[in-house]
Amino acid sequence: MTAPHLSAGHTIAGKYTISSLLAFTREMASYAARDHQGNDVVVKLYDSAIAQRADVMAKLDRVRQVIAALPEDMVVHVVDAGYDASTAAPFSVTPQLSQPSLAKLVSTGALSVDVVAKIMTGVGRSLAAAQQYQLFHHGLKPTNIFVGPAPSYSVRLMDFGVSIVRGTSPTHEAYAACAPWWAPEQLQASEQGGAATDVFASALVAFFALTGQSYWRSCHQSPIDLNAWQQELLGPRTPVSLRAEEFGMNLHAALDTVFLRSLAVSIGDRAGQADELVQALAALGGTPVGDSARTLALPEEFDPAMLAGGSAAPAQAAHPQGGGQAPAAHAFAQHGYPATGTPHPPGADVSGGHATPGLPNFPTAQAKKPNKALLPVIFVIVATLLLGGGVAGFFVMQSGSVTEDDAHAKAAPAASGGVGGAAPAASTDATKSSEAGGGVAAVPSGSAEAATGGAAPDGTGGAAPAEDVKVSITCIPRCGAITVDGKKVRPDKDDSFMLSPGEHTVVLVRGGFRSKKIKVNIEAGTPFEKKVALVRVRRRQPPPSCGQFLNQCP
Amino acid sequence: MRRISAILTLGLVANAFLACGPPPRKPKPVEAPEPPPPPPPPPKCESLEENCKATSSTKARIPGVPYVATPPPGWTYAQTDAALIATSASGGVVVLTAITPVEPAFKLTKQRADKIKELAELVSVKPRRRQVLLSVPTIRKEIVGVEASLWQRPGATRPVEDGDDVRGAILVVSIPLEEKNIFGFGFAGKDDGDSTKAVFAAILSIREGKAESAQSEDTPEEADDSEASSQ
């Protein structure tokens, strides 16, 4: 049996419409989906055979209960679960997170020690919180660790309980996918690793984050050589500094001892918690660890805005071993934040603009908060721009007024000279034009008559400024853009525009055609008309290549 | 003599009894057979779950334009509002829709890339990461009387129900019409020659017309299994 493989558009449990398939490992299929409210969610659909196993379903229920009791900044809550009626397969739903997974972060490059220290602190804290309820992850890997923004790099773990599903319905695909992060004891189904198994996986994850590579040589090839991996897993360990050198990376030798202890083959030789590893990383990276790494204690400066996704937590999950709220949830409430059932605002950047070296910035769901220190500077710049703009506008208006005033002043004597003969009318029109146009001297063709109503500005009356001429340049096919003397013009519907008399350079442009540059000589009072044929650019076709559909390979 | 008369008397009595016999039973009135139930409404083939199988005469509507295409015979198809989708059990896919092209050319290239991403998600095809540049086509070919652009992009994958991901190529098509472009792609496994041919044929089958009722020939019950299995 396998998990149902469904196509986009299928609705699970009548509520979740599948957008795309995210992952498929036979015993489990993960789909990106959308619920009725339009929220993006991830739906995990399990092998329907699991639904027949009451014991397994009970274990999964318990895991969900414990997860619901943990703070949402440590784990990703399951927001819904049940059975899909059409496929008889159990499913669980988690919100789609805007935070990237550790795998995604490392895909852009290895992370610095201090960043890894903070991330592993968060991992250790989340694992410790779950271990309070005897819940172990046993499936920890970079794809189910979601990292928040700098500087806190808060961590949320996902996929608690996946090991139960995989143990019930083991498949080769899942084995191949998870093997690089397994501890030796996980090779034997009967072996119960407990917290030490998660310590082993934490060490592997930390090494991966520091180097961008798996600790296992056998996992550097695709597909993984599983036989070689098993031998490596059960064989002697190479110090991590030496292993990192193999990829050209440098890891401080101080980490060798703690990593060797965390990666010990025997559970007895391994640390019970990830504290030792976290503290070694923190010491090397110069990052204070704080109490939170050692215990279930909550972060001192918990900011709900750090949480992304905005999904509501499951309502009031009961303590698995008794009624009421879980201790962690209770402590959560004591910090002035509702413990359960409260929809959190979408994630906001709490970095304050301080990016930590070694970790690339990634977009958060909301805009960054403005840095208060920059506010005065921004204010001064804006004020300067406004003031400058105002002064420039004033000068432009003043210059326009002067021009018009001069026209008024000079038009009168010209009129009295009997040359223009229409001075009063011209003066009035010019005044109106000045008022309407705010004093700007540019007068299009229609209103140009007002300024040239027979009165020359210089008072001579005979050398009036030349009237703009209607120019019609038609491209064949039609132009995309027309530029005159370096300025783009917008032709009317009939492809015409106004142009002052004289010689102009016109450039005609159309995509896919050779641009054409022409010089036109516009004579006053004579409309100009021209048709220009554009030549199509023949693009060189790429050489045909042999392929599956076209130019089939022999 | 007495004996003879006794025999005769007995014979007469017997004849009389047999002649009269028991009263005949009334024949039961013959009930008119109930009219057969009306046939179920034809599937609209608007979702893949309706399991409509295409035949060689199917005309499936391409949303947004008055054009139809014939999905590969035997493939499951759906005329959704987003696109015409046809899929095969072996992983083959044809998905066609219409876009309103934007200008200038570089924006159109981005529009195509975005649309391919959207359609690929719709049918769970993963194109190769760096292959979405759809500017100069691999070839131009006349389809529905206009010069259509075809891009061939290898390295795509699609998960199938049983087995590993199918690796193959996508064939992107863009047919410029007056206002819109018919746009979409087909996918087939690289070793799946039948699906490869079927995808190409489906793209070439695009023509002007209206979708035909699915009931006439495309009901799920009438699916041509032999053709489906051959794909």
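**Note on the predicted two-chain model**

1. Five bridges join strand β4 (residues 40-46) of chain A to β6(A), and these two strands run antiparallel. Across this pairing Lys44(A) stands opposite Ser92(A), a residue of β6(A). The coordinates discussed here and below are those of a predicted model, and every value should be read with that in mind.

2. Strand β6(A) also pairs with strand β5 (residues 80-84) of chain A, again in the antiparallel sense and over five bridges. Here Asp84(A) has Ala89(A) of β6(A) as its bridge partner. The two strands β5(A) and β6(A) form a hairpin with four residues between them, and in the turn Ala88(A) has a positive phi of about 60°.

3. How many of the residues of strand β6 (residues 89-95) of chain A are buried? Seven of its seven residues are, which leaves the strand mostly covered. Ala89(A), Phe91(A), Val93(A) and Pro95(A) point one way from β6(A), while Pro90(A), Ser92(A) and Thr94(A) point the other way, and all are buried. Ser92(A), the residue opposite Lys44(A), therefore belongs to the second of these groups, under a cut-off for burial of under 20% relative accessible area.

4. Elsewhere in chain A, helix α9 (residues 254-262) has Leu255(A), Asp256(A), Val258(A), Phe259(A) and Ser262(A) as its buried residues. An α-helix has 3.6 residues a turn, so residues three or four places apart point the same way. What covers the buried residues of α9(A) includes three other helices of chain A, namely α6 (195-211), α8 (240-245) and α10 (275-285).

5. Turning to chain B, its secondary structure comes to four helices and 11 strands, and buried residues make up 44% of its 231 residues. Of the contacts in chain B with a separation of 6 or more, 55% are accounted for by residues 24 or more positions apart.

6. Eight strands of chain B form an open sheet in the order β1-β4-β5-β6-β10-β9-β8-β7, with antiparallel pairing. The edge strands are β1 (52-53) and β7 (139-143) of chain B, each of which pairs on one side only. Within the sheet, strand β4 (residues 76-79) and strand β5 (residues 84-87) of chain B pair in the antiparallel sense over four bridges, and Thr76(B) has Thr87(B) of β5(B) as its bridge partner.

7. Between the chains, 23 residues of chain A are in contact with 31 residues of chain B. The area buried between chain A and chain B is about 1,900 Å², and carbon and sulfur atoms give 54% of that area. Gln548(A), Phe549(A) and Leu550(A) supply 38% of the area that chain A buries against chain B, more than any other three residues.

8. What is the count of salt bridges between chain A and chain B? The count is zero, whereas eight residue pairs, both members at pLDDT 80 or more, are in polar contact between the two chains. Strand β2 (residues 16-24) of chain A contributes five residues, the largest share of the side of chain A that touches chain B. The residues of that side divide into eight nonpolar, 13 polar and two charged.

9. Phe200(B), which is found in helix α3 (residues 193-204) of chain B, offers a local view of the junction between the chains. Leaving aside its neighbours within four places in sequence, Phe200(B) is in contact with Leu550(A), Lys141(B), Leu150(B) and Leu171(B). The C-alpha atoms of Phe200(B) and Phe185(B) are separated by 9.7 Å, the two residues being 15 residues apart along the chain.

Definitions and conventions. Residues are numbered from 1 along each chain as its sequence is written. Chains are lettered from A and ligands numbered from 1 in the order in which they are written. This is a predicted model: local features need pLDDT of at least 70, side-chain atom pairs count only at pLDDT 80 or more; totals for chains, interfaces and linings use all residues. Side-chain values use heavy atoms; hydrogens and water are left out. Contact means heavy atoms within 4.5 Å. Buried area is the accessible area (1.4 Å probe) that two parts lose on being put together, summed over both. A salt bridge is a side-chain nitrogen of Lys or Arg within 4 Å of a carboxyl oxygen of Asp or Glu. A polar contact is a pair of N or O atoms within 3.5 Å; within protein, one must be able to donate a hydrogen and the other to accept it, and residues adjacent in sequence count only if both atoms are side-chain atoms. Ala, Val, Leu, Ile, Met, Phe, Trp, Tyr, Cys and Pro count as nonpolar, Asp, Glu, Lys and Arg as charged, and the others, Gly among them, as polar. Buried means under 20% relative accessible area, exposed over 50%, partly exposed in between (1.4 Å probe, protein chains only). Two strands pair if DSSP finds at least two bridges between them.
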